[in-house]
Each structure stands twice: as C-alpha cells, then as structure tokens.
Amino acid sequence: MQVNKTNAARILDTLHIAYELITYEVDEEDLSATHMAAVAGLPIDQVFKTILLQGDKTGYLVCVVAGNMEIDLKKAAAASGNKRVEPVPVSQLLSLTGYIRGGCSPIGMKKPYPVFIDEYAELYDEIYVSAGKRGMQFKIAPADLVRAVDATVAGVSAE
C-alpha cells in the first residue's frame with residue numbers, strides 16, 4: 001500500500017532522522033491514545049500524545065506524554081517557566097498548529113513552539129508519536145524526536 005508522507009515525515013527526512021511510519025484504522029468516535037494503541041497493536045506506555053498548552057508568561061507550548069498518563073499542569077508550568085498553564089481548546093488546535101485532534105504531531109507545527117517531552121520517553125529505545133495525520137504514527141527514538149523539535153526533556157506527567 002502506498003502511503004503519502006506527511007509534512008512531518010518530510011521534515012524528518014530533511015534532518016536525516018530515522019523513523020518508521022505505522023498506519024492504523026481510525027475510529028472517529030474514539031480518538032484517544034488508549035484506543036489508538038489497541039487498534040494499532042502498540043504498547044500504550046510507548047504511544048505518546050501531543051498536547052498544546054498556553055502558559056501565563058511564555059505563551060503556547062507543547063507537551064508530549066505517554067498515552068497511559070495525564071499531563072501534570074503544575075509540572076508543565078514549572079518546566080516551561082510559567083506560573084500556570086492550561087490546555088488549549090480543541091477548536092483552536094488547527095489554527096495554531098496546522099493539525100487536528102488525533103493527528104497532532106510535535107513535528108512540523110505552523111510555528112516552532114517550545115516542546116517538552118516527558119522524561120518517561122527515555123525509558124524506551126523507540127516511542128510512537130503522531131505523524132501529523134489521523135491513522136499514522138512515527139516509530140522513532142526519543143533522542144531523535146528531541147533533536148527534531150529541539151525539545152526539553154522534563155517530568156511533565158502525573159505520577
């Protein structure tokens with residue numbers, strides 16, 4: 001099957017970063033990371049979701065956390081130099097990132113927001129993140145993802 005590369009994949013190609021594209025059947029009724037991991041046959045603790053937040057001091061930022069975890073807003077605020085952060089409404093996601101819910105990649109957003117990848121990603125040789133389209137994930141080494149988006153690794157998930 002021919003898979004059309006996403007803009008995020010072309011960015012990784014330009015950076016000479018190795019990845020594998022994983023495709024899966026999308027369920028429009030359930031776009032959760034847990035459901036996606038089950039459908040794709042991937043370990044949920046290695047499937048990372050991309051969350052856009054707005055800080056009270058620094059503006060928008062991105063956190064990448066494991067699909068079986070929740071973001072800790074206090075930790076995300078501390079890591080990003082904010083007093084508080086809050087999730088951006090889904091209705092603003094497309095205009096701010098160029099991506100839709102269920103297909104939001106930390107790679108290739110409209111603007112280069114600061115990215116914070118949860119420290120749990122470093123426990124694995126490879127993790128899965130959205131490739132920028134529903135039904136498509138990257139299998140990528142955490143260090144390569146950090147390099148691709150100039151991310152900071154920090155504890156941003158709830159224990």
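**Exercise 1. The hairpin and the five-stranded sheet**

Through how many residues does a hairpin join S2 to S3? Establish this, and then place the two strands within their sheet.

*Solution.* The structure is a predicted model, and the steps below are to be read with that in mind.

Step 1. The connection between S2 and S3 is a hairpin of three residues. The two strands pair in the antiparallel sense, and eight bridges hold this pairing. One of the paired positions is Lys49, whose bridge partner in S3 is Val65.

Step 2. On the way to the whole sheet, consider S3 and S5, which pair in the parallel sense over three bridges. Val64 has Ile117 as its bridge partner in S5, and Cys63 stands opposite Phe116 in S5.

Step 3. The complete sheet is open, has five strands in the order S4-S2-S3-S5-S8, and its pairing is mixed. S4 and strand S8 (152–154) each have a single partner strand, so one side of each is left without a neighbour in the sheet. From one strand to the next, the twist averages 35°.

Step 4. Seven of the eight residues of S3 are buried, and S3 is therefore largely enclosed by the rest of the structure.

**Exercise 2. The three-stranded sheet**

Determine the strand order of the sheet that contains S1, S6 and S7, and identify its edges.

*Solution.* Step 1. The order is S1-S7-S6, in an open sheet of three strands whose pairing is antiparallel. The edge strands are S1 (20–23) and S6 (127–133), since each of them pairs on one side only. Neighbouring strands of this sheet are turned against each other by 35° on average, with direction ignored.

Step 2. S1 and strand S7, which spans residues 136–140, run antiparallel and are joined by four bridges. Within this pair, Leu21 stands opposite Phe138 in S7.

**Exercise 3. Which face of each helix is buried?**

For helices H2 and H3, list the buried residues, decide how they are distributed around the axis, and name the elements that they pack against.

*Solution.* Step 1. In helix H2 (residues 33–40), the buried residues are Ala33, Met36 and Ala37. They lie on the same side of H2, because the arc that they cover around the axis is only 100°. These buried residues of H2 pack against S2 and S7. Just after H2, Gly41 takes a positive phi of about 70°.

Step 2. In helix H3 (residues 73–80), the buried residues are Ala76, Ala77 and Ser80. Here too the arc around the axis is only 100°, which puts these residues on the same side of H3. The elements that cover them include S2, S3, strand S4 (85–87) and S5.

Step 3. The face of H3 turned away from its buried side carries Lys74 and Ala78, which are exposed.

**Exercise 4. The nonpolar cores**

Which residues touch the most other members of the largest nonpolar core? Work outward from them to the elements involved.

*Solution.* Step 1. The largest nonpolar core has 31 residues, and Val129, Phe138 and Ile140 touch the most other members. Two or more residues are given to this core by each of helix H1 (7–14), strand S2 (48–55), strand S3 (59–66), helix H4 (90–97), strand S5 (115–118), S6, S7 and helix H5 (142–149).

Step 2. With neighbours within four places in sequence left aside, Val129 is in contact with Phe48, Val64, Pro106, Gln137, Phe138, Ile140 and Leu145.

Step 3. Another core, of 12 residues, lies apart from the largest one, and its members include Leu53, Leu61, Ala76 and Ala77. Ala76 and Ala77 were met above among the buried residues of H3.

**Exercise 5. The cysteines**

How many disulfides does a search of the whole structure find? Explain the result for Cys63 and Cys104.

*Solution.* Step 1. The search finds zero disulfides.

Step 2. A disulfide requires a pair of cysteine sulfur atoms within 2.5 Å. The sulfur of Cys63 has its closest cysteine sulfur in Cys104, and because the separation is 12 Å, the two are too far apart for a bond.

Step 3. Buried here means under 20% relative accessible area. Cys63, at 0%, is therefore buried, and Cys104, at 8%, also counts as buried.

Terms used:
Residues numbered from 1 in each chain as written. Predicted model: local features only at pLDDT ≥ 70, side-chain atom pairs only at ≥ 80, totals over all residues. Heavy atoms only, no water. Pairing = 2+ DSSP bridges. Axes fitted to C-alpha atoms, helices over the stretch in contact; angles between N-to-C directions. Buried < 20%, exposed > 50% of the residue type's maximum accessible area, 1.4 Å probe, protein only. Core = buried A, V, L, I, M, F, W, Y, C linked by side-chain atoms within 4.5 Å. Contact = heavy atoms within 4.5 Å. Arc of directions from axis to C-beta.
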